[in-house]
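Me: Hi! Could you walk me through this structure? I'm new to this, so plain words please.

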2 protein chains.
Amino acid sequence: MKTRIQELRKQRKLSQEELALAVGVTRQTITSLEREKYTASLVLAYKIATYFGLAIEEVFDFSEAGY
Amino acid sequence: MKTRIQELRKQRKLSQEELALAVGVTRQTITSLEREKYTASLVLAYKIATYFGLAIEEVFDFSEAGY
DNA sequence: TAAAAGTGTAAAGTATGCTTTGCAAAGGAG
DNA sequence: CTCCTTTGCAAAGCATACTTTACACTTTTA
């Protein structure tokens, strides 16, 4: 799934490691989400969105066909 | 995870079967979500919320400890 | 009251999210 | 140029989401 994670993370000048720590997952998970290897779980999506002060729908793109 | 799925479904007088069909899963999946057997995936959460005309955060309750 | 529709549950199987470890390569800073 | 931080990737393993089938119980409707 397409996301704005990398964009938002870079705006705030955070490393993948720092973001991972902040939302309680490993760096590999953040990498995978940014590289669109898989879709975040609902809870992780919420934690990431909340961390950035946004709604889930503002971080994750559901407009794509197939979702 | 706590959700308002059952409440919203009953308001609209839908069966689990009908809702399941509408969002593209089986009835068992809807039952499990209503009975809090597990948490929906991000995509399913989006489909359900959208079906009810609400934001994800309005259907799923993230306030619980642990999430 | 008998049939039908709706719901809860269970177990086994498949698919996907996340972790762990480890290595390679790219970029910035001294 | 060299070190250090950051990032991409891979494979194996565990946890969880969802399916399929099937059965029991309850509620609605004819």
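Me: Which residue of chain B comes closest to the rotation axis?

Reply: That is Leu42(B), whose C-alpha is 2.2 Å from the axis. Keep in mind as we go that this is a predicted model.

Me: OK, and what rotation puts chain B on chain A?

Reply: A rotation of 180° superposes chain B on chain A, with 0.0 Å of shift along the axis and an RMSD of 0.0 Å. That is the relation of a two-fold axis.

Me: How many residues does each chain bring to the contact?

Reply: Chain B gives 15 residues and chain A gives 15 residues. The copies meet through the same surface, because 100% of the interface residues of chain B are also interface residues in chain A.

Me: What area is buried between them?

Reply: About 1300 Å² is buried between chain B and chain A, and carbon and sulfur atoms give 80% of that. In case you wonder about the unit, the size of an interface is often given as the accessible area lost when the parts come together.

Me: How many salt bridges and polar contacts are there across it?

Reply: The rule finds 0 salt bridges across the interface of chain B and chain A. For polar contacts, the count is 2 residue pairs between the two chains.

Me: Which helices of chain B are on that side?

Reply: Helix H4 (42-51) and helix H5 (56-59) of chain B each supply at least two residues of the side that touches chain A. H4(B) gives the most, with 5 residues. Leu42(B), the residue of chain B closest to the axis, falls within the 42-51 range of that helix.

Me: And what classes of residue are on that side of chain B?

Reply: The side of chain B that touches chain A has 11 nonpolar, 2 polar and 2 charged residues.

Me: Switching to the DNA now. What's around strand D?

Reply: There are 19 residues surrounding DNA strand D. The closest are Arg9(A) and Gln16(A) from chain A, plus Thr29(B), Tyr38(B) and Ser41(B) from chain B. Of the atoms of DNA strand D that come within 4 Å of the protein, sugar and phosphate account for 61%.

Me: Which part of strand D does the side chain of Arg27(A) approach?

Reply: A base oxygen of DNA strand D is 2.9 Å from an N or O atom in the side chain of Arg27(A). Two other side chains approach phosphate oxygens of the strand: Ser41(B) has an N or O atom at 2.5 Å, and Arg35(A) has one at 3.2 Å. As for elements, helix H3 (27-34) of chain A and helix H3 (27-34) of chain B give two or more residues to the surface near DNA strand D.

Me: What about strand C, how many residues surround it?

Reply: For DNA strand C there are 18, and the closest are Thr29(A), Tyr38(A), Ser41(A), Gln16(B) and Gln28(B). Sugar or phosphate makes up 59% of the strand's atoms within 4 Å of the protein, and the rest belong to bases.

Me: Which side chains are by its phosphate oxygens?

Reply: Among them, Arg9(B) has a polar side-chain atom 2.8 Å from a phosphate oxygen of DNA strand C. Thr26(A) has a side-chain N or O atom at 2.9 Å from one, and for Arg35(B) the distance is 3.3 Å.

Me: Last one: what classes of residue make up the surfaces near the two strands?

Reply: Near DNA strand D there are 4 nonpolar, 10 polar and 5 charged residues. Near DNA strand C there are 4 nonpolar, 10 polar and 4 charged residues.

Methods
Residues numbered from 1 in each chain as written. Chains lettered and ligands numbered in written order. Predicted model: local features only at pLDDT ≥ 70, side-chain atom pairs only at ≥ 80, totals over all residues. Heavy atoms only, no water. Near = heavy atom within 4 Å. Polar contact = N/O pair within 3.5 Å; in protein donor to acceptor, adjacent residues only side chain to side chain. Helix = DSSP H or I, 4+ residues; strand = E, 2+ residues; numbered from the N terminus. Nonpolar A, V, L, I, M, F, W, Y, C, P; charged D, E, K, R; others polar. Contact = heavy atoms within 4.5 Å. Buried area = accessible area lost by both parts, 1.4 Å probe. Salt bridge = Lys/Arg side-chain N within 4 Å of Asp/Glu carboxyl O. Least-squares fit on C-alpha atoms with pLDDT ≥ 70 in both.
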